[in-house]
Amino acid sequence: MDANVLRAERTLSLLTSTYLANTEAVKSNLAVVVDVVLSQNLFAYIGLSGISAETAKKYENAVNKWLARINSLTTGKTSESRLAGVILMKNTALQSSSLLLENAAKWTTNVLNVIGKTEITPVYKAALQTMLVFMDIVREVPALYREIASAQVPRMNQAILQLADKNTDLVDVVLEMLMFSASWFPTLFRPSIDKTEALCLRLLDGSMARSNADTCSLAAQCLASLSVVGGKMTVEERWFQYIQLALGAIDLCIDHLMCKPSTESETEGSVHQFEFPAFADDFIISIPQAVDRITSMTDLLVALLSRPIDTDIPVPADVLVSVASKLALIPLRVASAKSGRAEFDLVPMLAPEIQRSSIRILAALAIALGSCMLPFLSAVARIVAIINTRHISSPATIVALHSLVQLYVQRYDYGFVVFLSRDFLETAIQDISVQSKRRANATTVTAQVSALSASGGSKKRGGNGKARVDESSAGAEDIQTATIHWTDVVNAGLKTVLAILRHAPTIFSTSMRTKLDSQILTLLMIDMIGGMETSFASRQTESPYKASLYECLEASVLSPDPWQKAIVPHSLTVFNAGLSDPSPDVRCICLRAIAAIEPLVHSRLPAQLRAPDTEENYENELSISKAMFSDESTINRALTGMVIAESTGADLLSAKRYKQSIIAEPQSQSQPQSQSQSQTQTQTLAHSAAATEHRDR
């Protein structure tokens, strides 16, 4: 133990005196120092027992020098030294929380001073991440919560809010900091609620939905985290208010897309929404702005529904499903509108994004509400059918729709599948049929050309004057290959079919199952014989698609259609060939499928219970066990006695006939007496076996 501590002491001393000696050394060796600190765990021996006093004193001195050096770097004059000090301070705290607890007040003050200064962006990011690590450790210690958090958290919130206004590159880090601060210190965060809400709404007005979608998602999560803060309103009131304001903003955007006058919506009732800027007068700008705002409000709804809250909150599920239905119907309403407005020509271009917003709301409802969504499954199935009409089709929308159906099938089984339309099931099967084309082998084409040039009799002239090759010129080497183009739509369709086969296979009709099984077997057999060719990019990612094909085939075999021809023989061939696939996932699936199919092919009877032995038979068995080391004659007498004791009249008759048949056989006169005795013993054992078999029958 002392040797390890001395090694850590020497390493810390070397790093402090050599690699962190001055600004130039720090600038060039920072990566090396951080790697050594993280890989060798140099602060693991603080307060450890079983170390000699001299070694502990040396190690403590080295640690103190290290702490003094990183404190001086944090308060240095150059940005490079402050960056190094902040990064080393964070890694030291991650390695040893006891050092942070001892230096929490000083370190948090130094980091907040760095945030308050004018720095370059890397220094700001490192300081914010370090402060986040400090607050995560401090919140678990009650004493530090009172001393450090109560004094520093309000100051930290104000500093990072001002930082977001000064540097737009730090918005993501600032939002993450505010979100965790509101969740960890809700009471201390209340003075910063208004400014945080204004910052989030400025990002959720739709202006950044396309350029920076991750920032919009973080802003939605940050605004949703304010619902647990409380303040003037309770948690339930603030959460419900955000839901109502987001739904009101979506309704106004839908009215704008459908060119509904604002006065008409005002007469229907007061629509509450966030204080967003008004739409532009030019519809070329305002319609994309309305769609982007719908996307941002959808992010907020998803964040609110997925936010864990300790209290029970009534969720307006019927209103949310109605809004999702309105969003899904926008492309159909625009397509069926008999109007020559130029605005309606822009909506179809943006329809896929609107439909994906509807899908995201329904997915969030299923995750958040669970069984409470049972009364709305038929409405969800109707929305799926509306989006599946594909007046405006998009691969991203199709993949999202398949993911939604998979989620609902896995959560609600037959209760949701029964409402699915036949058109969607046929579309899912159609999506599995990959785009492929037949391509002749190069040697075959060369042979055909050679035959055409060498033999004049094989030439024929058609009506258009073009030469044709005689079919007889194609030899046995004419092998066709299929060029397969894997897409995300194919994989999503396979996942949907797999979910339905596992949870509700009877929803497929016999014709659907026949088509489905033939497509899956065809693709797998083409791959089995090596006739499948894919592009280079597809070959790098084709393993998940093949794994999905094997899983679908396994689910189809284990849930057969009673009116369909069995596919077990072909499936066994495919699964046995898949055992040699280079992908471990495919091999695992094939091995599992073969183990599951084995009882179907070779059925086994269940274990049968037999009647307990009689008391006399039990006593005879005891005598046999006692005579295990006796001579052979003793064991034979015990066996003979057991047979006679348990035999009935029918058993005796059967044994007598068996004995007569044995005696009637010709025996050799030259056989010794010992061999005759052994034969008698064999007859006795046979007699016993025949009697036992007759009794069992």
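A residue counts as buried when its relative accessible area is under 20%. Y412 has a value of 8%, so Y412 is buried. Keep that cut-off in mind for the other rings discussed here. The model is a predicted one, and its aromatic rings are the topic.

Start with the partner of Y412. Y408 and Y412 form an aromatic pair. Their ring centres are 5.5 Å apart, and the planes meet at 35°. That geometry is classed as tilted. Both residues belong to helix α18, which covers residues 395-412. They are 4 residues apart, so about one helical turn separates them. Y408 is buried too, because its relative accessibility is 0%. This pair therefore sits within one helix.

Now move to F43 and W66. These two rings also make a tilted pair. Here the centre-to-centre distance is 5.8 Å, with 55° between the planes. F43 is in the loop between α2 (23-40) and α3 (53-74), while W66 is in helix α3 itself. The pair therefore ties together parts that are 23 residues apart in sequence. How buried are the two partners? F43 has a relative accessible area of 2% and is buried. W66 is buried as well, at 0% relative accessibility.

Step back to the whole structure. A search across it finds 8 aromatic pairs, among them F43 with W66 and Y408 with Y412. Rings can also join into a group. Y242, F274 and F276 are linked by ring pairs into a cluster.

How values were computed:
Residues numbered from 1 in each chain as written. Predicted model: local features only at pLDDT ≥ 70, side-chain atom pairs only at ≥ 80, totals over all residues. Heavy atoms only, no water. Phe/Tyr/Trp six-rings, centres within 6.5 Å; stacked < 30°, edge-to-face > 60°. Helix = DSSP H or I, 4+ residues; strand = E, 2+ residues; numbered from the N terminus. Buried < 20%, exposed > 50% of the residue type's maximum accessible area, 1.4 Å probe, protein only.
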